[in-house]
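Open the model in your viewer and keep the selection panel at hand. The stops below say what to select and what is found there.

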There are 2 protein chains.
Amino acid sequence: MITITLDAMGGDHAPAVTVHGAVWAARDFGVTVQLVGQSPIIEAELAKHKTDGLHLPIVPASQVIEMAEHPSSAVKNKKDSSMVVGVNQVKTGESQAFVTMGNSGGALAAALFGLGRIKGIKRPALGAVFPADTPAGYTLLIDAGANTDVKAEYLLQFALMGHHYVQRVTKIPQPRIGLLSTGEEEDKGNALVQEATPLLKQSGLNFIGNVEGKDIPAGLADVVVTDGFTGNVYLKGAEGVASMMMTLLKREVKARPLAMLGMVLARGALNALKKRLDYREFGGAVLLGVNGVTIIGHGRSDEYAIRNAIRVAKETVEQNVIGAIEAGLTSCLFLATN
Amino acid sequence: MITITLDAMGGDHAPAVTVHGAVWAARDFGVTVQLVGQSPIIEAELAKHKTDGLHLPIVPASQVIEMAEHPSSAVKNKKDSSMVVGVNQVKTGESQAFVTMGNSGGALAAALFGLGRIKGIKRPALGAVFPADTPAGYTLLIDAGANTDVKAEYLLQFALMGHHYVQRVTKIPQPRIGLLSTGEEEDKGNALVQEATPLLKQSGLNFIGNVEGKDIPAGLADVVVTDGFTGNVYLKGAEGVASMMMTLLKREVKARPLAMLGMVLARGALNALKKRLDYREFGGAVLLGVNGVTIIGHGRSDEYAIRNAIRVAKETVEQNVIGAIEAGLTSCLFLATN
């Protein structure tokens, strides 16, 4: 049985939603979910649920890294925080994956310090799933925010890691790798893109060249490679646009009684659309390049997002994505030594 | 009477839509619209419209810069192209603004070579209006794609130019200037953002600090400053997300007869939403920092977008945005000499 460690104290609505999500995931996916944090309050939350036959052990940790704390100093100073203790469970082999909805910078630091990098990987990166018109229903955007300043050789490694993740998890034999840029043509983009292009071309990956911002939702690539600054701005922008559209639509509908009736009739279609775009379906972003499966979710996650983040962790473990990245680096020696 | 020069040959659907848009704008805004391009085909298009009492002179230009041509070499080699001749009309004072829907890179090069930079400006930048929940109904995103690699001092100048444009055109006394980044906190962002922050703080502008991708549609700033790579990726991403949402909604609605009826009832609200998000309402992006008003629109523009691009050109002339930028540079000497 796969064991997943959940930071029970992480996120805006912890521990109520973390414990709820853990119970849900343990039931639906048949995994053991270790709940890391302050035992009395986790026990009190667990008591609210039916947990007969489920494996939900508590791993005590007295401290909590708050959302607003400075990431690396918090990780250094709070050795008994749920985040540091949780990562340690993976390091010592007590579990196979770590999931947190807490301080994202803290989670990056805790995973990097605690688990270390896969041999040959220069910079771990966050892979975020983005709803798109692809066979898998999404595109993996990597880096979604772990590295704001990067070199071309890092982008090459992001591509390799994204390739193995998508290949393993979605079973697409040769995922299409796109490089995010300002135009399709090879001479478009900034200096970083220009430098990364020849590296990607000789990588042996299924590199399809530059893709533009509009091509991501359209599903032109299965993996979109970019620096963590652009990736983060892009993801949050998409979220903002989707949310603005819903707000504006509601405002226009409210002003029109017939439209209000129309929206009631169209509710099923609107809900289906919302579900397609709902970040909660994917649960969280996967931190690729560290020596252990790590999933980092939205601070505002609810129990459904947490359930699904645990599902993503389980799949990443089952498909041995880390082993695939290690093997990929070995077979393409230039990737590691470039 | 204000005279605007329109590249009649520029864009995917020229000259039919360019001439149509020019006729529409001349009627609605009382401006003279010079039509630059191949006289016989422009005349043939003009003959399809009622133009009594309108001022629509033709300025002959035998060549056309195609959408796929390499921008700077096309501008150098095609001296009698509608783009080069059109820019020259502004340079010689025959008109007060140039509007084109043609090859964007070509338009940038033609304006930069033909008009030169405003004294003290290091890099002209594209200001694109983005639908947002602000008093003006939009945020100006600058740079939207003219400069893919920038320095912090350029970002400072983009902020100054954006400030004067929004202040003059929307009459907001102190436009809120945001710096696009990966988090609100001052330590978030890449090296460029870190370097630009102190410059913006001491600029005397109404600098509100970092804004995230989601804050742009939410209207947290009136001007959002970023490099042209990030700005372009962001804009095209927003376009892609909006278009994906409409596509997915249609697909879900089609599968449900009741929802189809609902959408008919809600049509007014949906159309109002579409209008709010429609790039055609704004007509085009304004190239700030060159010595002459230049508006660059989407290649796929229709006559309505072209009409509105001419309106934006007229407003930019009337409000003397260029004079305001010149005066702003003089009063903040460090901006020009930094």
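Helices, of at least four residues, and strands, of at least two, are DSSP runs numbered from the N terminus. By that numbering, select B:D143: its place is in the loop between β6 (138-142) and α6 (152-170) of chain B. The bond to look at there joins B:I142 and B:D143, and this peptide bond is cis, with omega at about 15 degrees. Bear in mind throughout that this is a predicted model.

**A second cis bond**

Go to chain A and select A:A14 and A:P15. The peptide bond that joins A:A14 and A:P15 is also cis, with omega about 0 degrees. A:P15 sits in the loop between β1 (3-7) and α1 (16-29) of chain A.

**Both chains together**

Show chains A and B as two colours. What turn lays chain B on chain A? A turn of 180 degrees, with a shift of 0.0 Å along the axis, does so with an RMSD of 0.0 Å. The two copies are therefore related as by a two-fold rotation axis. The contact surface serves both copies: 100% of the contact residues of chain B recur in chain A. To find the axis from chain B, select B:G262, whose C-alpha comes closest to it of the residues of chain B, at 1.8 Å.

**Where the chains touch**

Next, select the residues of each chain that contact the other. There are 48 in chain B, in contact with 48 residues of chain A. On the side of chain B that touches chain A, four helices each supply at least two residues: α8 (215-218), α9 (228-254), α10 (257-265) and α11 (267-277). Which of the elements gives the largest share of that side? Select α9(B), which contributes 19 residues.

**The nonpolar core**

Hide the contact selection and look at the largest nonpolar core, which has 238 residues. The members that touch the most other members are A:A22, A:I142, A:I310, B:A22, B:I142 and B:I310. B:I142 was met earlier, on one side of the cis bond to B:D143. Now centre on A:I310. Neighbours within four places in sequence aside, its contacts are A:I4, A:L6, A:G21, A:A22, A:A25, A:F29, A:V31, A:V33 and A:V99.

**A helix pair in chain A**

Select residues 152-170 and 321-331 of chain A, which are helices α6 and α13. Their axes are 9 Å apart and the helices pack at an angle of about 135 degrees. That angle makes α6(A) oblique to α13(A). The crossing in which α6(A) passes α13(A) is right-handed. To see the residues that meet, show A:L160, A:M161, A:H164, A:Y165, A:R168 and A:V169 in α6(A), then A:V321, A:A324, A:I325 and A:G328 in α13(A).

**A helix pair in chain B**

Move to chain B and select residues 82-91, helix α4, and residues 104-115, helix α5. Here the angle is about 40 degrees and the axes are 9 Å apart. The crossing of α4(B) and α5(B) is right-handed. From α4(B), show B:M83, B:V84, B:V87, B:N88, B:V90 and B:K91; they meet B:G106, B:A107, B:A110, B:A111, B:G114 and B:L115 in α5(B).

Stay with B:A110 in helix α5 of chain B. Is B:A110 buried or exposed? It is buried, because 32 other C-beta atoms lie within 10 Å, and 20 or more are needed to count as buried. Apart from neighbours within four places in sequence, B:A110 is in contact with B:V75, B:M83, B:V84 and B:V87. Add B:S72 to the view: B:A110 and B:S72 are 38 residues apart in sequence, and their C-alpha atoms are 7.8 Å apart.

**Exposed lysines**

Select A:K171, in the loop between α6 and β7 (177-180) of chain A. A:K171 is not a glycine, yet its phi is positive, at about 65 degrees. A:K171 is exposed, with 10 other C-beta atoms within 10 Å. In chain B, select B:K171, found in the loop between α6 and β7 (177-180). B:K171 has a positive phi of about 65 degrees, and B:K171 counts as exposed, with 10 C-beta neighbours inside 10 Å.

End at A:K48, in the loop between α2 (39-46) and β3 (58-60) of chain A. A:K48 is exposed, with 11 other C-beta atoms within 10 Å. Then add A:D222, 174 residues from A:K48 along the chain; a separation of 41 Å lies between their C-alpha atoms.

Conventions. Residues numbered from 1 in each chain as written. Chains lettered and ligands numbered in written order. Predicted model: local features only at pLDDT ≥ 70, side-chain atom pairs only at ≥ 80, totals over all residues. Least-squares fit on C-alpha atoms with pLDDT ≥ 70 in both. Contact = placed C-beta atoms within 7 Å. Core = buried A, V, L, I, M, F, W, Y, C linked by C-beta atoms within 7 Å. Buried ≥ 20, exposed ≤ 12 C-beta atoms within 10 Å, placed from the backbone. Axes fitted to C-alpha atoms, helices over the stretch in contact; angles between N-to-C directions. Parallel < 35°, antiparallel > 145°, perpendicular 65-115°, else oblique. Left-handed = near helix turned anticlockwise from the far one by under 90°.
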